[in-house]
Amino acid sequence: MINPNARFTVLEHCITLNWDDGPTLHKLIAQVRYHRPGSVTARTLRVFATHYAGEPCVAFQRREEDLEVHWEWCALGGGWCARLKVRNASSEEVFADSLDVLHVEYATGGQFNLGAPPGLWQCALEGSMAEGGALAWEMWTPGTGTGEGFTRRAELLVYPTVSNRTRPPALLIRALPSASPLPTELRLNLNGERFERLTARCKTDGLLLAPGETVRSAWFWLLSGDDPAELLRCALPTPEEA
């Protein structure tokens, strides 16, 4: 069943999502990668849960000389959704390379915990349940295509074969349909002993932003439960545009 007990907490200027008897994601941030015209040097603007920007969503703001970024969160269907709004706040054009809506990394103290070592994690093949098909899985295996983890286009479902929770918890991260035409990517890097990195992004690939222009990412929805097939069957509309 769906686990509705998702707690959203601000800790150490980052987001922690924790489900009772379920997954934990600790030290979530967002980041925008971009560059200026004529420059080959990529810049990264990291967005923390520091400057609260108010309702209707739980929103945090970060601004520097080039960009103004809003990182928005809202509760939805027993889980949480997040997206980025990025405005060119400068007087010159900039090029957006990637909108990383969710980013958590072991090297900076981040955690992704399912109650089992990553060597026991499996990831659903995208679209395997389409048109009545059976749910199919990829296992983490060293020295193969999954040796460094898993990459999915719009839907990442992770589920351990065993866990120290009451029942093994699945976590679904899904890019919800929206007016944003940007392609999405979900990437989970790990090894047999340790989680390394999780990123859910919109790939802007050098999208030109004129002065004052804004780009919005898709919403990424995080949902947990003990029945992976039930998670995949869940269908929710995109949250209201802010």
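Let me start with Leu45, which in this predicted model is buried, with a relative accessible area of 0%. Because buried means under 20% relative accessible area, a value of 0% puts Leu45 in that class. Leu45 belongs to strand S4, which covers residues 43-47. If we set aside residues up to four places away in sequence, Leu45 touches Ala30, Gln31, Val32, Tyr34, Arg62, Glu64, Leu67 and Val69. One of these is worth following on the screen: Ala30 is 15 residues apart from Leu45 along the chain, and the C-alpha atoms of the two are separated by 8.6 Å.

Now please turn to Arg83, in strand S8, which runs over residues 79-88. Is Arg83 buried or exposed? At 1% relative accessibility, Arg83 counts as buried, because the cut-off for that word is under 20%. As for a partner, the side chain of Arg83 is joined to the side chain of Glu72 by a polar contact of 2.7 Å.

From single residues I move to the nonpolar cores. The largest nonpolar core has 53 residues, and those with the most contacts inside it are Trp71, Trp73, Leu102 and Leu188. Strand S9, residues 94-105, supplies the largest share of this core, namely six residues. A second core, separate from that one, has 17 residues, including Ile2, Ala170, Leu172 and Leu231.

Let me stay for a moment with Trp73, which was named among the residues with the most contacts inside the largest core. What does Trp73 contact, once its neighbours within four places in sequence are left aside? The list takes in Phe8, Ile15, Leu17, Leu28, Cys57, Val58, Phe60, Trp80, Cys81, Ala82, Leu102 and Leu222. You will recognise Leu102 in that list, as Leu102 is also among the residues with the most contacts inside the largest core.

Finally, there is the question of empty space. How many cavities of 30 Å³ or more does a search of the whole structure find? That search finds one, and the volume of the largest cavity is about 40 Å³. Its lining is made up of Ala124, Leu125, Glu126, Gly127, Glu155, Leu156, Leu157 and Leu232. Strand S14, residues 155-160, gives the most to this lining, with three residues. Sorted by class, the lining of the largest cavity has five nonpolar residues, one polar residue and two charged residues. Glu126 and Glu155 are both on the lining list, and because Glu counts as charged, they belong to the charged class.

Conventions:
Residues numbered from 1 in each chain as written. Predicted model: local features only at pLDDT ≥ 70, side-chain atom pairs only at ≥ 80, totals over all residues. Heavy atoms only, no water. Helix = DSSP H or I, 4+ residues; strand = E, 2+ residues; numbered from the N terminus. Buried < 20%, exposed > 50% of the residue type's maximum accessible area, 1.4 Å probe, protein only. Contact = heavy atoms within 4.5 Å. Polar contact = N/O pair within 3.5 Å; in protein donor to acceptor, adjacent residues only side chain to side chain. Core = buried A, V, L, I, M, F, W, Y, C linked by side-chain atoms within 4.5 Å. 1 Å grid on protein atoms, 1.4 Å probe; cavity = no way out; pocket = protein on both sides within 12 Å on 5 of 7 lines; lining within 4 Å. Points joined across faces, edges and corners; volume = space filled by probe spheres on them.
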